Amino acid sequence: MEPILSINDVSKVYASGHHALRGINLTIQRGEIFALLGPNGAGKTTLISIICGIVNASGGTIQADGLDIQRDYREVRSLIGLVPQELATDAFESVWDTVCFSRGLFGKAPDPDYIESLLRQLSLWEKKSSRILALSGGMKRRVMIAKALSHEPQILFLDEPTAGVDVELRRDMWEMVRQLRERGVTIILTTHYIEEAEEMADRIGVISRGELILVEEKTALMNKLGRKELQVQLQSPLTEVPAGLSGYNLSLSEDGQTLTYHFDAQHDHTGIAELMRSLSQQGLDFKDLQSRQSSLEDIFVSLVGEPR
């Protein structure tokens, strides 16, 4: 299947000399949900802005559905919907009017039935006559999504779509994104919420200092880079890890009650059985065992060296 988005050796250098992007190569498949993760200033928004025609690249080429984004600008723009990070709406317009106007900007004929369906899907129908300035932040975010979808794009960019949105609205938006994917819309999102990518994405890309350092299917990424840990709750606290256990990758909790053993679950030999025997030989009794898989956040921090 031909990819819907092909990014080839794209770079961006600002007049100040700042390298925002360095040789980005990325292929997005039709109908997938792709999450782009990275710390602030990593280049996520710059890349999206280039694809959407808001910022010019310094080098490289991008094709959307086989069309060059510069040569075939108008056709490409009609394929793309963008929900920007910042809330920017016509405060004194009604929800209905601003969404209909956005559709008209792309030369689409009026379609009240589609707009009604869109507003109902986003739980905005009851607010259709409300001025946008009277809406909550979460509802304004939904209006931004409705505007981005008003012209029925094939590719939807969500730049920090749930920033400042409460948990309930966030989960509603996750469900909406899944429904859009079922309709064939390709979705690329940037997010600071690691659980958002873990919940929804088919593939994960990690960008750091303008370089795309990893692209992987989510499940494969978790299996490849995710490590496990075994937590041993001790009967009696320790002041330090005994010398007889120095050969194991162990850490001791501050209260001395828990030994944590880190291991690679992909290896046939985890060392757990040997650890249990060594604990017995050291005369250490334990009252509970718990295992835990590294989360996507753990993996992200290990790759870019900083928390979200």
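These notebook entries record what I looked up about one helix contact, the cavities and the pockets of this structure.

**Entry 1: the model**

I note at the outset that the model is predicted.

**Entry 2: helices α3 and α5**

I began with a pair of helices, α3 (residues 95–105) and α5 (residues 137–149). I found that they pack at an angle of about 30°, and that their axes are 8 Å apart. Angles under 35 degrees count as roughly parallel, and therefore I recorded α3 as roughly parallel to α5. I entered the crossing of α3 past α5 as right-handed.

I then asked which residues make the contact. On the α3 side I listed Val95, Thr98, Val99 and Ser102. On the α5 side I listed Val143, Ala146 and Lys147. Sorted by class, the residues of this contact comprise four nonpolar, two polar and one charged.

**Entry 3: the largest cavity**

I next looked up the enclosed spaces, and the structure holds two cavities of 30 Å³ or more. The largest cavity contains about 60 Å³ of space.

Which residues line the largest cavity? I wrote down Leu5, Ile7, Leu26, Ile28, Phe34, Leu36, Leu47, Ile48, Ile51, Phe157 and Ile188. Two or more lining residues come from each of β1 (5–13), β2 (19–28), β3 (33–37) and α1 (44–51). Helix α1 gives the most, with three residues. I counted the lining by class as 11 nonpolar, with no polar and no charged residues.

**Entry 4: the second largest cavity**

The second largest cavity has a volume of about 40 Å³. I found its lining to be made up of Ile145, Leu158, Pro161, Thr162, Met173, Trp174, Val177, Glu196 and Met200. Helices α6 (167–182) and α7 (194–200) each supply at least two of the lining residues. I noted that α6 gives the most, with three residues. The classes of this lining are seven nonpolar, one polar and one charged.

**Entry 5: the largest pocket**

I turned from cavities to pockets. The volume of the largest pocket is about 240 Å³. I found that 16 residues line this pocket, and that Arg77, Leu82, Ser102, Lys147 and Ala148 are the closest to its centre. Ser102 and Lys147 also appear in my list for the contact of α3 with α5.

Which elements give two or more residues to the lining of the largest pocket? They are β6 (80–83), α3 and α5. I recorded α3 as giving the most, with four residues. By class I entered nine nonpolar, four polar and three charged residues for this lining.

**Entry 6: the second largest pocket**

I looked up the second largest pocket last. Its volume is about 180 Å³. I found 13 residues in the lining of the second largest pocket, and those nearest its centre are Ile50, Asn56, Ala57, Ile69 and Gln70.

Which strand gives the largest share of the lining of the second largest pocket? I found strand β4 (residues 59–64), which gives three residues. By class, I entered this lining as seven nonpolar, five polar and one charged.

Technical notes. Residues are numbered from 1 along each chain as its sequence is written. This is a predicted model: local features need pLDDT of at least 70, side-chain atom pairs count only at pLDDT 80 or more; totals for chains, interfaces and linings use all residues. Side-chain values use heavy atoms; hydrogens and water are left out. Axes are lines fitted to C-alpha atoms, for helices over the stretch in contact, and angles run from 0 to 180 degrees between N-to-C directions. Angles under 35 degrees count as roughly parallel, over 145 as roughly antiparallel, 65 to 115 as roughly perpendicular and the rest as oblique. A crossing is left-handed if the near helix is turned anticlockwise from the far one by less than a right angle, and right-handed if clockwise. Contact means heavy atoms within 4.5 Å. Ala, Val, Leu, Ile, Met, Phe, Trp, Tyr, Cys and Pro count as nonpolar, Asp, Glu, Lys and Arg as charged, and the others, Gly among them, as polar. On a 1 Å grid over the protein atoms alone, a cavity is a set of points where a 1.4 Å probe fits but cannot get out, and a pocket is an open set with protein on both sides within 12 Å along at least five of seven lines; lining residues have an atom within 4 Å of a point. Grid points are joined across faces, edges and corners, and a volume is the space filled by probe spheres set on the points.
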